[in-house]
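Please open the model in your viewer and keep the sequence panel beside it, so that each selection can be followed in both places. The tour moves from one selection to the next and says what is there.

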Amino acid sequence: DGGGIYVMNSNGESPTRIADFGYSPSWSPDGQQILIGTEKIPQPSTRPTKSELWMINLNTRQRQRISEGDALQPTFSPHQKRIAYWSRPDRYGQREHIWTIPANGGQAVAVTDGSFTDLNPVWSPDGKYLYFSSNRGGSTNIWRVPIDENTGVTSGAPEAVTAIGANTSVLHLSLSANGRLAYSAQTENRN
């Protein structure tokens, strides 16, 4: 029926479409809302449009646009105070950066900047760090930055978490409730 966002029981039963649009769904910690972006991400640096950020209440099916600006791969902070996402600035030569915004919308706060590509933000279970994929060390690895979950203001410089070698990209991060990190590593060789 044209795709969209679906939820279903963990055993695979009762799939229900909750939106007829959207990509990269992300649950709220209380399981009552889902965040989505409006754009698919085939290649971050050559995206043709901007992705809006939406929140869907699963009980009422009410949709709320959180941001009209560019926002992809949104994730709630552990206490549902802020939403982290990545975005590509309008300025030529700028790369993708991480931002946070209050959970009900408002002023966005930059988490990263510079000439690096920063993607896929995920919060630590205690809300004290924001993890993300970045090429700031040469190859794409996992980095983290200390952050205030209430304000989105960082309190230190990003630090590397993994040091996987050249030609390998670490992407698609996921953190468990007890702090275990899962990710995929992709190696690419070209001639």
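Begin by selecting Gly138, the one residue between the strands in the hairpin of S12 and S13, where it takes a positive phi near 115 degrees. This is a predicted model, and the chain averages a pLDDT of 87, with 92% of the residues scoring at least 70.

Now extend the selection to both arms of that hairpin, S12 and S13, which pair in the antiparallel sense over seven bridges. If you pick Tyr131, you will find that its bridge partner in S13 is Arg144. Colouring by burial is helpful here, since seven of the eight residues of S13 are buried and the strand is mostly covered.

Next, add the neighbouring strands. On one side, S13 is joined by two bridges to S14, and these two run antiparallel; Trp143 has Ala160 as its bridge partner in S14. Then look at S12 (residues 129-137) and S11, which pair in the antiparallel sense over four bridges, with Leu119 standing opposite Ser133 in S12.

With these strands selected together, you have an open sheet of four strands in the order S11-S12-S13-S14, with antiparallel pairing. Why is one side of S11 and of strand S14 (159-160) left without a neighbour in the sheet? Both stand at the edges, and each has a single partner strand, so there is no neighbour in the sheet on the other side.

Just before S11, select Thr117, which is found in the loop between strand S10 (109-110) and strand S11 (118-123). Is Thr117 buried or exposed? Its relative accessibility is 16%, so Thr117 counts as buried. Show its side chain together with that of Glu96, and you will see a polar contact between the two side chains at 3.4 Å.

Now display the side chains of the largest nonpolar core, which has twelve residues in all, including Leu72, Trp86, Leu119, Trp123, Phe132 and Val145. The elements that give two or more residues to this core are strand S8 (82-87), S11, S12 and strand S13 (139-146). Centre the view on Trp123 and show its surroundings: leaving aside residues up to four places away in sequence, Trp123 touches twelve listed neighbours, among them Phe76, Pro78, Ala84, Leu130 and Leu175.

A second, separate core of ten residues can be selected next, and it includes Leu53, Met55, Ile83 and Ala103. From Met55, turn to the hairpin around it: strand S5 (residues 53-57) is joined by four bridges to strand S6 (residues 63-67), and the two run antiparallel. Met55 stands opposite Gln64 in S6, while among the five residues between the strands of this hairpin, Arg61 takes a positive phi near 65 degrees.

Stay with strand S5 and select Trp54, which lies in it. Trp54 counts as buried because its relative accessibility is 17%. The side chain of Trp54 makes a polar contact with the side chain of Glu52 at 3.0 Å, and its touching residues, not counting those up to four places away in sequence, include Phe21, Ile34, Thr38 and Arg65. Draw a C-alpha to C-alpha distance from Trp54 to Thr38, and it will read 7.9 Å, although the two are 16 residues apart in sequence.

Finish by colouring the chain by pLDDT: among its elements, S5 has the highest mean, 95, and strand S15 (residues 168-175) the lowest, 80.

Methods:
Residues are numbered from 1 along each chain as its sequence is written. Side-chain values use heavy atoms; hydrogens and water are left out. Buried means under 20% relative accessible area, exposed over 50%, partly exposed in between (1.4 Å probe, protein chains only). A polar contact is a pair of N or O atoms within 3.5 Å; within protein, one must be able to donate a hydrogen and the other to accept it, and residues adjacent in sequence count only if both atoms are side-chain atoms. Two strands pair if DSSP finds at least two bridges between them. A nonpolar core is a set of buried Ala, Val, Leu, Ile, Met, Phe, Trp, Tyr and Cys residues joined through side-chain atoms within 4.5 Å. Contact means heavy atoms within 4.5 Å. pLDDT is the predictor's confidence in each residue, from 0 to 100.
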